[in-house]
Amino acid sequence: MSTFAARIIGSGSYLPQRILSNAELASRLDTTDEWIRTRTGISERRIAAEQEFTSDLACHAAQQALQMAGISANTLDMILVATTTPDLVNPATAVRVQRKLGALQRQIPAFDLQAVCAGFIYALAVADNFIRSGSARRILVIGAETMSRAIDWQDRTTCILFGDGAGAVILQADQQPGVGILSTHLHADGQYEDLLRTEGGISHGMLLNPLSGQGFLRMRGNEVFKQAVKALEEIVDQTLEANGLDKAQIDWLVPHQANIRIIQSTAKRLGMTMDRVVLTVDRHGNTSAASVPLALDEAVRDGRIQPGHLLLLEAFGGGFTWGSALVRW
Ligand code: UT7
């Protein structure tokens, strides 16, 4: 049995230039800035340019992470992309990222992972296990999304929520005990597909066709909200218990950014004040698998997260899928 731990040695993120404000949405739809802000905490979100794909967003974030780590893409052992909005049905977005990063010298494995908004936590858990087992030393893990492409812009119950972006981390094997990813916890419950899903797919015998309503994300938000609050409360307790920790020992909550009210309820469960929660939902909206690494990178770069800090990362999304990762920075 190896004694390796997966330590995060670099992070990066990318947001498309175009900002879509609540005011602009309110000028097109039956909604208001006030409703969106009070119900969700969102003020604006980013929208990818026409020729900008998920792999492009992913590459920008990855390049920043590689730069922070001070390593070349050709020293990676694996590339993992968590996304629910891949460039193409195949090949995997991760393979396109590999080519765009020029990480082609060693024919390393590259694959996508689909767990919707929990995708980055799932990918982190997979990468952590490759490193713990000694099968890989350095892994690039990305969460990247162009959610704007799966949105029905006439549906005010969903289109106000989502945005585009990407975040990335580099995990590296480390023999120092008690650093890096301390534990990951993953769950799924396939009973709830009707509450949150994107219609359309190859196996359903239909190409994605927005004109027929295929390819659009549909959500029964209020029901998803209740399940999210409950699942996240449970996973916070599970994570603390598995590590023999008291909630007061967590320095930072880095949550999935779906709705400020969900985040507030998780923070309350942890007895945390909101100044110990990394919040981006106001400026990013819900970027699905990209939201946790985007938030993480922001707090790393502005110096809030410091060596030795204990971070709790968590996410909940379609499936339902949910998970957490406890990280000693
Ligand atoms: O990341 C994956 C996980 N996703 C989530 O966690 C999302 C979870 N859900 C949510 O964040 C919230 O449920 C929403 C923000 C989507 C909705 O907030 P809510 O407080 O649950 O509102 P609601 O769905 O119960 O709707 C309340 C009212 C309805 O009107 P009536 O039936 O009371 O007359 C809606 O039609 O608000 C109406 N409404 C809107 N009004 C203005 C729904 N969307 C809008 C809108 N502007 N954009």
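Axes here are lines fitted to C-alpha atoms, for helices over the stretch in contact, and angles run from 0 to 180 degrees between N-to-C directions. Helices (H or I, at least four residues) and strands (E, at least two) are DSSP runs, numbered from the N terminus. The model is predicted: local features need pLDDT of at least 70, side-chain atom pairs count only at pLDDT 80 or more, and totals for chains, interfaces and linings use all residues. Residues are numbered from 1 along each chain as its sequence is written, and side-chain values use heavy atoms, with hydrogens and water left out.

**Exercise 1. Describe how helix 6 packs on helix 7.**

Solution.
Step 1. Two packed helices are described by the angle between their axes and the distance between the axes.
Step 2. For helix 6 (residues 221–242) and helix 7 (residues 260–269), the angle is about 30 degrees and the axes are 10 Å apart.
Step 3. Angles under 35 degrees count as roughly parallel, over 145 as roughly antiparallel, 65 to 115 as roughly perpendicular and the rest as oblique. Helix 6 and helix 7 are therefore roughly parallel to each other.
Step 4. Their crossing is right-handed; a crossing is left-handed if the near helix is turned anticlockwise from the far one by less than a right angle, and right-handed if clockwise.
Step 5. Helix 6 makes the contact (heavy atoms within 4.5 Å) with Phe225, Ala228, Val229, Leu232, Glu233, Val236 and Asp237, and helix 7 with Arg261, Ile262, Ser265, Thr266 and Arg269.
Step 6. Sorted by class, the contact has six nonpolar, two polar and four charged residues. Ala, Val, Leu, Ile, Met, Phe, Trp, Tyr, Cys and Pro count as nonpolar, Asp, Glu, Lys and Arg as charged, and the others, Gly among them, as polar.

**Exercise 2. Which parts does the salt bridge between aspartate 237 and arginine 269 tie together?**

Solution.
Step 1. A salt bridge is a side-chain nitrogen of Lys or Arg within 4 Å of a carboxyl oxygen of Asp or Glu. In aspartate 237 and arginine 269 the closest N and O atoms are 2.6 Å apart.
Step 2. Aspartate 237 lies in helix 6 and arginine 269 in helix 7, so the pair ties together parts that are 32 residues apart in sequence.
Step 3. Aspartate 237 is partly exposed at 31% relative accessible area, and arginine 269 is partly exposed at 34%. Buried means under 20% relative accessible area, exposed over 50%, partly exposed in between (1.4 Å probe, protein chains only).

**Exercise 3. Locate the salt bridge of aspartate 128 and arginine 132.**

Solution.
Step 1. The N to O distance in this pair is 3.0 Å.
Step 2. Both residues belong to helix 5 (residues 119–132), where they are four residues apart, about one turn of the helix.
Step 3. Aspartate 128 is buried at 2%, whereas arginine 132 is partly exposed at 28%.

**Exercise 4. Compare the settings of glutamine 107 and serine 288.**

Solution.
Step 1. Phi of glutamine 107 is positive, near 50 degrees; serine 288, not a glycine, has a positive phi of about 50 degrees.
Step 2. Glutamine 107 sits in the loop between helix 4 and strand 5 (110–113). Serine 288 is in the loop between helix 8 (281–284) and helix 9 (291–301).
Step 3. Glutamine 107 is exposed at 73% relative accessibility, whereas serine 288 is buried at 1%.
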